[in-house]
Amino acid sequence: GDILDDYLRTDGIWILTRNKQFYKTNNEKECAEKCEAEGNFNCRAFLFTRKKLQCLTLAENAKMTVTFNSTDAVLFEKKIYLLQCKKGIGKDYRGTEAKTWRGIPCQMWAEKTPHKPNYTPEKHPKAGLDRNYCRNPDGDENGPWCYTTDPATRFDYCNIPECEGHCMRCNGEDYHGEVSRTESGLECQLWDAQEPHMHGFTLKHFPEKDLKMNYCRNPDGELRPWCFTTSPTKRWEYCNIPRCTTPPPVSGPGSQCLSGKGEDYRGRIAITESGNACQHWNTQFPHKHGWIPDRYPCKGLEENYCRNPDGEKRPWCYTTTRSLRWEYCAIPHCDETEQVIVGMSNVPMKIPLTEECYRGKGQSYRGTTSTTASGKKCQAWNSMFPHRHEKTPDRFPDADLRENYCRNPDGDSSPWCFTTDPSVTWEYCNLKRCDDRTQE
């Protein structure tokens, strides 16, 4: 990426600093290069003046000294020195924690009492051994440590929290770190590349999923972050992202009604729209499935309540009826005022009455059915996984190839879709002709 990505930019600020070097540069990038190469001190920030094109590399940042306004100046601070958290084992931790997990103050790295150190600023100039701050110069698996001021304890570890973006909560859907190798060590393919593997996970189709560079991500609700690999023989693989040790922020109670696709629905409706009772998420009978509550801790898979763990159109559940694997639930919309009492369950719900039938060959069908005649889920039209194809929204702009809804872009006998089953490329959809239906 860009060298300036490692810096936090603040316009109109000057900082007072004793330790600095002046350089003549043409732009901010050149000034950043001077900061990276600075040999006189640890460069934590730099100032750039736009009129004079003056560059000052600085040993201090705004956390360490006073600041004042200066309209022409731009301050760039190295993000690594602003973080008070660690990524992974914290080898590049440069925060200011200076006591052990037991609360014992750390010994200065440059001092020789009470302990004679093996790691000193002279021997390890790139390890950031400033003052008595916790560091990890030797890549210790247990994280940052320091020599202590207690003569009886030579060294001990420090209690540094994990950086939010560099560990994963839940299933890593919100992971925005920069790991770009799979768990077996393969390098990840760039998300905007189609070689060696062709796919539909592009920034254009998934703008909110942060598909940057070749960083591991979880755009599709997998167990944990993954990526396509640069090995032609291995299409994709999971990445080894550490779990955050601090507990996730306490979320609200969740919605008791349907907004959007209902992914945050945490109500207690446990019956499908046609009246079938829901199967408990933690059981495998009558239907075997992979949505096991322990594997997906943040999806709200409690009891047998209707949920939307996989980004479906709305909440659903597996049914207790052997012949019907799963079905959508009728959840009242948050903005609905009139509600209808359904059956004996005394649950206020509104049954959606969308017309799910097609006329002629179904080329004009614009409904939202996304299930095939044999019950398989449809593959999204803009995806190339598991089936590569040419029926893309770009090539068939008038066919309304949205999401994974059944359509008939090529004049087949009725609406169809590619399936998410790798062994079945496509199937006709679970739809009737409108004139075959009985009066509703």
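**Exercise 1.** Work out whether K377 is buried or exposed, or something in between, and where its salt-bridge partner sits.

*Solution.* Start with accessibility. K377 has a relative accessible area of 30%. Buried means under 20%, exposed means over 50%, and partly exposed is in between (1.4 Å probe, protein chains only), so K377 is partly exposed.

A quick word on the model before going on: it's predicted, so local features need pLDDT of at least 70 and side-chain atom pairs count only at pLDDT 80 or more, while totals for chains, interfaces and linings use all residues. Residues are numbered from 1 along each chain as its sequence is written, and side-chain values use heavy atoms, with hydrogens and water left out.

Next, the partner. K377 forms a salt bridge with E312, with 3.7 Å between the closest N and O atoms. That passes the cut-off: a side-chain nitrogen of Lys or Arg within 4 Å of a carboxyl oxygen of Asp or Glu. K377 is in the loop between β14 and β15, and E312 is in the loop between β9 (236–238) and β10 (316–318), 65 residues apart. Strands here are DSSP runs (E, at least two residues) and helices are runs of H or I with at least four, numbered from the N terminus. Last step: E312, at 5% relative accessible area, is buried.

**Exercise 2.** Find out which parts of the chain the D11 salt bridge ties together.

*Solution.* First, the partner: D11 pairs with R50, and their closest N and O atoms are 3.2 Å apart. D11 lies in strand β1 and R50 in the loop between β3 and β4, so the bridge ties together parts 39 residues apart in sequence. Then check exposure: D11 is partly exposed at 42%, and R50 is partly exposed at 38%. Finally, look for shared partners: R9, D11, E28 and R50 are joined into one network of salt bridges.

**Exercise 3.** Put the strands of the open sheet in order and say which ones stand at the edges.

*Solution.* The order of the five strands is β1-β5-β3-β4-β2, with antiparallel pairing. Two strands pair if DSSP finds at least two bridges between them. β1 (7–15) and β2 (20–24) stand at the edges with a single partner strand each, so one side of each has no neighbour in the sheet. From one strand to the next, the twist averages 25°.

Now zoom in on β3 (residues 45–49). Five bridges join β3 to β4, with A45 opposite L58 and F48 opposite C55. Toward β5 (residues 67–78) there are five bridges too, and L47 has L75 as its bridge partner. A45, L47 and T49 point one way from β3, F46 and F48 point the other way, and all are buried.

**Exercise 4.** Describe the surroundings of T57: which strand holds it, and what does its side chain meet?

*Solution.* T57 lies in strand β4 (residues 54–58). With 0% relative accessibility, T57 counts as buried. Its side chain makes a polar contact of 2.7 Å with the side chain of E38. The rule for a polar contact is a pair of N or O atoms within 3.5 Å; within protein, one must be able to donate a hydrogen and the other to accept it, and residues adjacent in sequence count only if both atoms are side-chain atoms. For the wider neighbourhood, use contact (heavy atoms within 4.5 Å). Leaving out residues up to four places away in sequence, T57 touches several residues, including N19, Y23, C35, F41 and F46.

Terms used:
Axes fitted to C-alpha atoms, helices over the stretch in contact; angles between N-to-C directions.
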